[in-house]
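Hi,

Here is the structure I said I would pass on. Have a look at it first, and my notes on what turned up follow underneath.

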Amino acid sequence: MIFSQRFKASLLVLTGAASYGILSTCVKLAYKDGFSPAEVTGSQVMFGFVALWLLSIRCWGYMKKMPRIVFLKLLGSGVFTGLTGVFYYFALQTLSASFAVLLLFQFTWMGLLADWLLQKKRPTVFSSSALSSCWPARCSPPAFSKAACLSLAGPVSGSGCLRQQAIR
């Protein structure tokens with residue numbers, strides 16, 4: 001049972017990552033056609049609003065019974081997702097689509113590091129495996145820093161800052 005839940009979660013993460021990759025290309029094309037970040041963000045929010053309300057029609061009875069505090073927590077957590085999209089679209093004005101996606105998904109290791117430092121909660125082997133496939137059996141500070149460095153290797157390589165160019 002746990003395997004099927006993890007597999008389902010992995011597929012959802014893969015779908016989300018692919019969606020952000022495709023989305024960044026669509027946003028770059030919209031900017032090329034002269035749309036502003038406000039227009040692109042507004043259209044995505046409106047489309048998402050309509051799509052999610054249509055998908056949630058069956059759950060409206062349950063949502064009416066939902067405690068107010070749960071509703072406010074859901075609303076509050078959605079604010080961060082919305083702000084991530086807004087900042088992501090502004091970043092796409094100057095960054096390449098592939099590099100923007102790489103930077104977007106750096107929240108994984110940053111979240112684990114923040115959780116470790118602020119909550120004193122060491123990353124588990126399962127959660128840290130998201131950072132690197134070369135994770136040792138026991139989570140230790142040197143291993144975490146190695147995984148963070150490996151995780152940073154993608155954005156550094158993708159940025160092209162290691163490329164040598166002739167000065168003209």
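To start with the overall picture, buried residues account for 21% of the 168 residues in the chain. Keep in mind as you read that this is a predicted model. The chain is built from eight helices and has zero strands, so the pattern along the sequence is simply α-α-α-α-α-α-α-α.

**The pocket**

You will probably want to go here first. The largest pocket has a volume of about 1,100 Å³. Two or more residues of its lining come from each of α1 (2-32), α2 and α4 (68-91). The lining has 26 residues in total, and those nearest the centre of the pocket are G48, F49, L52, W53 and G78. Which helix gives the largest share of that lining? It is α4, with 11 residues.

**The nonpolar patch**

There is also a nonpolar patch on the surface, about 950 Å² in area, made by M46, F49, V50, W53, L54, I57, W60, Y62 and M63. The elements that put two or more residues into this patch are α2 (37-55) and α3 (60-65). Of the elements involved, α2 contributes the most, with five residues.

Two names turn up in both places: F49 and W53 belong to the patch, and F49 and W53 are also listed among the residues nearest the centre of the largest pocket. W53 sits in helix α2. Is W53 buried, partly exposed or exposed? Its relative accessibility is 39%, and because the partly exposed class runs between 20% and 50%, W53 counts as partly exposed.

**Between α2 and α3**

W60, another member of the patch, lies in helix α3. With a relative accessibility of 35%, W60 is partly exposed too. What does the side chain of W60 make a polar contact with? Its partner is the side chain of S56, at 3.3 Å. S56 itself is found in the loop between α2 and α3. Unlike W60, S56 counts as buried, because its relative accessibility is 16% and the cut-off for buried is under 20%. That makes this contact one between a buried serine and a partly exposed tryptophan.

**Helix α5**

Moving along the chain, helix α5 covers residues 97-104, and A97, F99, A100, V101 and L104 are buried in it. The start of this helix has a detail you may like: a side-chain oxygen of S96 comes to within 3.3 Å of the backbone nitrogen of F99. F99 is one of the buried residues just mentioned.

**One backbone oddity**

Last item: K120 has a positive phi of about 55°, although K120 is not a glycine. Where does K120 lie? It is in the loop between α6 (107-119) and α7 (125-128). K120 counts as exposed, because its relative accessibility is 68% and exposed means over 50%.

That is what I have for now. Over to you!

Cheers

Note on methods: Residues are numbered from 1 along each chain as its sequence is written. This is a predicted model: local features need pLDDT of at least 70, side-chain atom pairs count only at pLDDT 80 or more; totals for chains, interfaces and linings use all residues. Side-chain values use heavy atoms; hydrogens and water are left out. Patches are made of residues with over 30% relative accessible area and no salt bridge: like charges are joined within 9 Å, nonpolar side chains (Val, Leu, Ile, Met, Phe, Trp, Tyr) within 5 Å. Accessible areas come from the Shrake-Rupley method with a 1.4 Å probe; for residues, only the protein chains shown count as cover. A salt bridge is a side-chain nitrogen of Lys or Arg within 4 Å of a carboxyl oxygen of Asp or Glu. Helices (H or I, at least four residues) and strands (E, at least two) are DSSP runs, numbered from the N terminus. Buried means under 20% relative accessible area, exposed over 50%, partly exposed in between (1.4 Å probe, protein chains only). A polar contact is a pair of N or O atoms within 3.5 Å; within protein, one must be able to donate a hydrogen and the other to accept it, and residues adjacent in sequence count only if both atoms are side-chain atoms. On a 1 Å grid over the protein atoms alone, a cavity is a set of points where a 1.4 Å probe fits but cannot get out, and a pocket is an open set with protein on both sides within 12 Å along at least five of seven lines; lining residues have an atom within 4 Å of a point. Grid points are joined across faces, edges and corners, and a volume is the space filled by probe spheres set on the points.
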